[in-house]
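Welcome, and thanks for taking a look at this one with us. Please open the structure in your viewer and keep it beside this briefing as you read.

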Amino acid sequence: MSEAQATTVATDIVPAGILDDPGFCRYSTGRIAVFEGGPGRPWSEPSLEPYGALAMDPATLGLHYGQVVFEGLKAFRSADGSVALFRAADHGRRFELSAERLAMAGVPVDHFVRACSLLVSADHHWVPSGFGQSLYIRPLLFGSEADLGLKPPRSLRCVLLAYPADPCFGKDFRPLSVKVATDAVRAVRGGTGEAKCAGNYAASLLTRTQAQAAGYDEVLWLDGIERRWVEELSTMNLFFVWNDGSTEATGHSLRITTPPCTGTVVRGLTRDALLTLAGDLGLNAVEEPTSVDGMRDGLESGRLVEVFACGTAGAVVAVGRLGIGDKDFTVGDGHEGVTTARLRDALLAVQHGRTPDKHGWLLHVEGTEPAEGSHGDEGRGI
Ligand SMILES: Cc1ncc(COP(=O)(O)O)c(C=O)c1O
């Protein structure tokens, strides 16, 4: 998210220049989608409203006890002008699970998808066309009743915001420098680490701010019990590319690994897509635990040749420098590696309809259907 508050441009005509250089969440489309519900009663139909302040009672439950969950998903433009949401139903499923972890009624997936589609359809002219650019959608759900008793919310409000966006770490995909957290932990087994709840992000900020003051972009979190196993960054999952040397056993000299999701890591949909796309490309990618010692040994021996982070907001970004304890390690030559670039290109190619959507990840948005015969035809319509 940009440091400055987003500019709201309440117009259907996108002011010149914005889509060429949108930044990340710098400009709202000027429109939001809203709906309400609660346990045991139907959700209201999503409606579109002008972007503006939300009126809230000072005793709003979610403000006091943190019943707040969110999602982040993107709509991409294809060369034929059509617009498609990427993995909308999967984001909806995760949104529902995040809510349920906080004892909130989850929004049914089809309702979530309908609300996202309604907003993107209305704002389709805000979707930039550059490779890697998108319309970023931020669905937010919070306990909305006015009551200071600690309890699961009986009323919930869902708001969806939309922003034209470049990748959050920039469109040049400059490699990140990342510091391993040694004192603080982000999540523990049995906690809320897997949920996209606001409190997880608030809890990560002190350490992240300290790392940024020391010149790093991000924090790498270790498991909360042994303080040994690599989990993820504050907003992205992590992958490692190992050069095992011999191709005899597997036919591959490179092995790509990502830490398993055991309840303390957000189950990234980009991570999942990359595991699938790596398979499609004939690469050997698996879920496998990596210890901080294993990571350090790999960097010292040169066996760990690439590290990259991935997530909806940032796509796929190399990690060029890793701070472990009081020592900094350069990953490879510090620049983006070929496997990182190859996987990002494969992901963006599907997202922009340049290659067939053979896993059914795209949902074409009403009013922007692809022209007949284009690759995007294989996506599901709404
Ligand atoms: C903590 C955390 N990890 C990983 C991810 C990546 O998930 P996704 O690829 O679904 O955006 C996110 C982003 O939502 C996140 O907040």
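Here is a short tour by topic, from the whole chain down to single residues. Please keep in mind that this is a predicted model. The chain has 382 residues, of which 47% count as buried, and its secondary structure comes to seven helices and 19 strands.

**Overall shape**

- The radius of gyration of the chain is 21 Å, which agrees with the value near 21 Å that a compact globule of 382 residues would have.
- If you are setting up a view, the C-alpha atoms fill a box of roughly 60 × 55 × 35 Å along the principal axes.
- Among contacts with a separation of 6 or more, 66% join residues that are 24 or more positions apart.

**Two domains and their contact**

- The domain assignment splits out domain 1, residues 7-165, and domain 2, residues 176-335.
- Taken over C-alpha atoms, the centres of domain 1 and domain 2 are separated by 28 Å.
- Domain 1 puts 18 residues into the contact, and domain 2 puts in 11 residues.
- On the side of domain 1 that touches domain 2, β5 (68-70), β6 (73-77) and α2 each supply at least two residues.
- Which element gives the most to that side of domain 1? Helix α2 does, with five residues.
- By residue class, the side of domain 1 that touches domain 2 divides into seven nonpolar, five polar and six charged residues.

**Strand β9 and its partners**

- Is β9 largely enclosed or largely open? Nine of its 10 residues are buried, so β9 is largely enclosed by the rest of the structure.
- Strand β8 (residues 134-143) runs antiparallel to β9, and 10 bridges join the two.
- Within that pairing, Leu135 has Pro164 of β9 as its bridge partner.
- Strand β3 (residues 31-37) also runs antiparallel to β9, joined by five bridges.
- Here, Ala33 stands opposite Leu160 of β9.

**Around the ligand**

- The shell around the ligand has 13 residues, and those that come nearest are Val266, Gly268, Thr270, Gly311 and Thr312.
- Helix α5 (residues 269-280) contributes three residues, the largest share of this shell.
- By class, the shell around the ligand holds three nonpolar, seven polar and three charged residues.

**Two backbone angles to check**

- As background, most residues other than glycine have a negative phi.
- Ala103 is not a glycine, yet its phi is positive, at about 60°.
- You will find Ala103 in the loop between α2 (88-101) and α3 (109-122).
- Is Ala103 buried or exposed? Ala103 counts as exposed, because it has 12 C-beta neighbours inside 10 Å and a residue with 12 or fewer falls in that class.
- Phe173 has a positive phi as well, of about 50°, and is not a glycine either.
- Phe173 sits in the loop between β9 (156-165) and β10 (176-180).
- With 19 other C-beta atoms within 10 Å, Phe173 is partly exposed, because a residue counts as buried from 20 upward.

Key:
Residues numbered from 1 in each chain as written. Predicted model: local features only at pLDDT ≥ 70, side-chain atom pairs only at ≥ 80, totals over all residues. Helix = DSSP H or I, 4+ residues; strand = E, 2+ residues; numbered from the N terminus. Rg over C-alpha atoms; globule rule 2.2 N^0.38 Å. Contact = placed C-beta atoms within 7 Å. Near = placed C-beta within 6 Å. Nonpolar A, V, L, I, M, F, W, Y, C, P; charged D, E, K, R; others polar. Domains from an automatic or database assignment. Pairing = 2+ DSSP bridges.
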